[in-house]
Structures are given as structure tokens and as C-alpha cells.
Amino acid sequence: MNKQQNIGFIGLGVMGEPMCRNLSTKSGVKIVAFDRREEPLTRLSMVGVSRAASLAEMADSDVVFLSLPDGEAVQEICLGNTGLITVLNSGAIVVDLGTSPVTLTRELDSRFKGHDVLFSDAPVARTRAAAEAGTLSIMVGAESRVFNALEPLLRMMGEEITHCGTVGSGQLVKIMNNMVLFQTVSALAEALAIGRGAGIDPAVMFSALSKGSADSFALRNHGMKAMLLDKFPHDAFSTAYAMKDLDYALELARDVGFEAPGAQVVRDRFRQAIDAGFHDSYFPVVSRVI
């Protein structure tokens, strides 16, 4: 990797801040970060990350990573009146680490190509703890030459880097990953409710499930560390964000002519949780409404 690279990082939320920190501490390259909040910028300044007062200060970046809450935010940062498309130099690469609609991702690729800027989708999976440890799973949609250029940087944030195909492929796989995760968490919430109703100790039940064919990442993380303890913090993957990602999955399903009834059931449960006041709570809180 070229040690003279300049890196831009936009979005220092639950996942973005630890990812940016890992990039800074492991890469030794100059990183300029942008966020509307002062606190993460102050924390990251302690590990050598500079703050950008505006997107214009990203102009000299060779690679700009985005860790934003939704497709609307990505679109505004990329295509707005003072967006990246107006400031980046020829040959720069923009990388979306968040979960965004596949159609938007492909539109951004086309728009940036018109300005001789490259685009890649590289949405991340796993938890905030994985972001802090640098052990994320990252699903990449990019031309081969772009993937080869990005892989060393991505490996500073994740341990499983999968090249899924051309631009948009990373988002498609990540959206399906989340759809399966949400349905698994919903199934765990049903098991929890039934088990409790039948008088089984939930901790014993989940422990037994983890030793059998029902074992899963969702069980060990969302089930044992959140649902079993009835702890659903606000500084984690919220119900509102989960429903947004599930809506992306249902949109893809409609595009291919599939109804996805299981995903629709989970969406209805997310809607119940949000209506019950759990908008900002960690999404396994859906267990409280089942």
C-alpha cells in the first residue's frame, strides 16, 4: 500500500468512529475526518486524525470512506451542491461502508465515473465490538482493480473481506445478510417467549440451543448478550436502522417478483417496537413486543 495515501473518513457514529480509529492506528497514513458532532472528532484527534470543517477539505483524498446511516445521507454527501462529486480529484475512490439501496449504489457509480472518480460499496457486518477489534466482515462490490487497491485498507477494519462482484453486489449480499439476521432474531424472540411461558429457564434454553443445530451468531450475540439480559442500549444498531435495512430487502424482493412473507412479518414486528417507543433501542428489543 502506498504510504503517502491521503484518506478521508465521513461519518463517525457507532461503527464509523472505531473503524476510523483502526485505520489511523494501523495504516500510518494521513486521515481527515468529517462529522457534525464534536465529540468523536476530539477523541480521534488523540490518534492523529485531523478534522475537516467541510467536504472541500477532502479534495486531496485518494480514498474517502463513508459510514453513514442511510442511502439519503450517502446521496446528499456524494451528490449535494457541495458534495464529494464537486470536490474530489480525478482517480479518487469513494467507498460506502454503510448499507444503501442497490439502485442508488449503481447510480452513484455511474455519476462518479462521469467525473473520473471510482466508487465501491463495502458494507460492513457484525457488531460494534467487532468494529472496535477490527474483526468486521466486509462485503465488497467493485471492479477488480478497485478491490485490489482497497483490500489492504479494508483489512485494517475487518478480518473477512469478500469480493462479491461488481458495484452493487456488496450491498445486495449485505442486505440479504441483514434480512436473514433479523428473521433469526425474531425466531429467537419467539422461542424466548414460548420457553418462558412454559416455565423453562431462558438461560438454560439458549445455552442448550448454542450446543445444537440452532446455534448461530445471532443466538450468541443478539440472543445471549441482549435478549437474555433484556438490555437494549441506544448506542447500538437501532430498531429504526434495522427496519430501514429490511425495507431495502423488501424492495429487492419486489424487484425480482418475490413477496418475502417472512421478512414482512419481521417488519411488522419492528413497526410494533417503534410504535412502543423503541425507535432508538438496539433492535433485538423486538423481543419485548413478541
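How far is the sulfur of C164 from the closest cysteine sulfur? We will come to that in the first of these close-up views, which all show a predicted model.

**View 1. The cysteines C164 and C78.** The sulfur of C164 lies 20 Å from the closest cysteine sulfur, which belongs to C78, and that is too far for a bond. A disulfide is a covalent bond between the sulfur atoms of two cysteines. The disulfide count here comes to zero. C78 takes part in no disulfide either, as its nearest cysteine sulfur, that of C20, is 17 Å away. Buried or exposed, where does C78 stand? C78 is buried, and its relative accessible area is 0%. C164, in turn, is partly exposed, at a relative accessible area of 27%.

**View 2. Strand β1 and its neighbours.** Welcome to β1, which covers residues 6-10. Four of the five residues of β1 are buried, so this strand is largely enclosed by the rest of the structure. With strand β2 (residues 30-34), β1 pairs in the parallel sense over five bridges. Look for G8, whose bridge partner in β2 is V32. To get from β1 to β2 the chain passes through α1, and this β-α-β crossover is right-handed. Strand β4 is another parallel partner of β1, joined to it by four bridges. There, I7 stands opposite V63 in β4.

**View 3. The ring pair of F9 and F65.** The count of aromatic pairs comes to eight. In one of them, F9 and F65 form a tilted pair, with 6.1 Å from centre to centre and 35° between the planes. This pair links distant parts of the chain, since F9 sits in β1 and F65 in β4 (residues 63-66), 56 residues apart. Both F9 and F65 are buried.

**View 4. N22 in helix α1.** Here we step into helix α1, residues 16-27, where N22 is found. How accessible is N22? Its relative accessibility is 8%, so N22 counts as buried. Leaving aside residues up to four places away in sequence, N22 touches S27, A131, E132, A133, G134 and M156.

**View 5. Strands β8 and β9 with helix α7.** Strand β8 (residues 136-141) and strand β9 (residues 158-165) run parallel and are joined by six bridges. A good place to begin is L136, which stands opposite G158 in β9. Add helix α7 (residues 144-154), and β8, α7 and β9 together make a right-handed β-α-β unit.

**View 6. The largest nonpolar core.** How many residues does the largest nonpolar core have? This core has 36 residues, and F182, V185, M227, L246, F270 and F283 have the most contacts inside it. Five helices give two or more residues to this core: α8 (169-197), α9 (202-210), α10 (217-227), α11 (239-255) and α12 (261-275). Apart from this core lies another, of 35 residues, including V63, V146, M157 and I161.

**View 7. F270 and its surroundings.** Beyond residues up to four places away in sequence, F270 touches F182, T239, A242, M243, L246, F283 and V286. Both F270 and F283 are buried. Their ring centres are 6.2 Å apart and their planes meet at 85°, so the pair is edge-to-face. F270 lies in helix α12 and F283 in the segment after α12, so the pair ties together parts that are 13 residues apart in sequence. Ring pairs also build a cluster here, linking F182, F237, F270, Y282 and F283.

**View 8. G199 in the loop between α8 and α9.** Our last stop is G199, found in the loop between these two helices. Is G199 buried or exposed? G199 is exposed, with 64% relative accessible area. G199 and G11 are 188 residues apart in sequence, and their C-alpha atoms are 45 Å apart in space.

Key: Residues numbered from 1 in each chain as written. Predicted model: local features only at pLDDT ≥ 70, side-chain atom pairs only at ≥ 80, totals over all residues. Heavy atoms only, no water. Core = buried A, V, L, I, M, F, W, Y, C linked by side-chain atoms within 4.5 Å. Buried < 20%, exposed > 50% of the residue type's maximum accessible area, 1.4 Å probe, protein only. Contact = heavy atoms within 4.5 Å. Disulfide = S-S within 2.5 Å. Pairing = 2+ DSSP bridges. Right-handed = clockwise from strand over helix to strand, strands pointing away. Phe/Tyr/Trp six-rings, centres within 6.5 Å; stacked < 30°, edge-to-face > 60°.
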